[in-house]
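Biologist: Please take a close look at one part of this model. Start from a single residue and work outwards, with the numbers as you go.

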Amino acid sequence: DFESIAKVVDPYIQEKSGLRGIMVEAASFPGWESFAALLSHLRFVRDHHRVIAKVAAVSDSTMMSVGPQIAKHFVNAEIRHFHTNERESALAWLRE
């Protein structure tokens, strides 16, 4: 998934010199299918965290609510958790 996302966002980032925000919407956090999938996720974060200003994590999953608190120590992007019923608030925050 991260390779597919990168193919879409990388040309935009190159043209605009960054990305205002991205929303990660997941009903649950199933983990990674394999170690290779985990590495792909980590590579995406490493390559993009300085050019994406905000990340909205929209989920009722416990992992997705705790993850931003941990990630903010390692990435430049501002990360905020929203519950599933707060999707519109997440979009408004990203547009600020």
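Modeller: Ser 17 counts as exposed, because its relative accessibility is 67%. Exposed means over 50% relative accessible area, buried under 20%, and partly exposed in between, with a 1.4 Å probe and protein chains only. This is a predicted model, in which local features need pLDDT of at least 70 and side-chain atom pairs count only at pLDDT 80 or more, while totals for chains, interfaces and linings use all residues. Residues are numbered from 1 along each chain as its sequence is written, and side-chain values use heavy atoms, leaving out hydrogens and water.

Ser 17 sits in the loop between helix H1 (2–16) and strand E1. Helices (H or I, at least four residues) and strands (E, at least two) are DSSP runs, numbered from the N terminus. The backbone is worth a check here. Phi of Ser 17 is near 65°, a positive value in a residue other than glycine.

After that loop, follow the chain into E1, residues 19–25. E1 pairs with E2 in the parallel sense, over 6 bridges. Two strands count as paired if DSSP finds at least two bridges between them. Within this pairing, Ile 22 faces Val 55 of E2. E2 also pairs with E3 (residues 78–82), again in the parallel sense, over 5 bridges. Here Lys 54 stands opposite Glu 78 of E3.

E2 itself runs from 52 to 58 and is mostly covered, with 6 of its 7 residues buried. In a regular strand, side chains alternate between the two faces of the sheet.

What packs against these strands? The buried residues of H4 do, against E1, E2 and E3. Packing here rests on contact, meaning heavy atoms within 4.5 Å. H4 covers residues 87–95, and its buried residues are Ala 90, Leu 91, Trp 93 and Leu 94. They lie on the same side of H4, because they cover an arc of only 160° around the axis. The arc is taken from the directions from the helix axis to the C-beta atoms. An α-helix has 3.6 residues a turn, so residues three or four places apart point the same way. On the other side of H4, Glu 88 and Arg 95 are exposed.

Now the charged side chains. The structure holds 5 salt bridges. A salt bridge is a side-chain nitrogen of Lys or Arg within 4 Å of a carboxyl oxygen of Asp or Glu. One of them joins Lys 54 and Glu 96, at 3.8 Å from N to O. This pair links distant parts of the chain: Lys 54 is in strand E2 and Glu 96 in the segment after H4, 42 residues apart. Lys 54 counts as buried, because its relative accessible area is 11%. Glu 96, at 66%, is exposed.

Another salt bridge joins Arg 87 and Glu 88, also given as 3.8 Å from N to O. Arg 87 is partly exposed at 32% relative accessibility, and Glu 88 is exposed at 55%. Salt bridges with shared partners join Glu 25, Arg 87 and Glu 88 into one network.

The loop between E3 and H4 holds Asn 85. Asn 85 is exposed, since its relative accessible area is 70%. Its C-alpha atom is separated by 8.8 Å from that of Asp 60, 25 residues apart along the chain.

Last comes H2, residues 35–48, where Leu 39 lies. At 31% relative accessibility, Leu 39 is partly exposed. Phe 35, Leu 39 and Leu 42 form a nonpolar surface patch, with about 300 Å² of accessible area together. Patches take residues with over 30% relative accessible area and no salt bridge, joining like charges within 9 Å and nonpolar side chains (Val, Leu, Ile, Met, Phe, Trp, Tyr) within 5 Å. Accessible areas come from the Shrake-Rupley method with a 1.4 Å probe, and for residues only the protein chains shown count as cover.

Ser 40 is also in H2. Ser 40 is buried, because its relative accessible area is 13%. Leaving aside residues up to four places away in sequence, Ser 40 touches Phe 2 and Glu 3. Arg 46 forms a salt bridge with Asp 47, the closest N and O atoms being 2.8 Å apart. Arg 46 is exposed at 53%, whereas Asp 47 is partly exposed at 45%.
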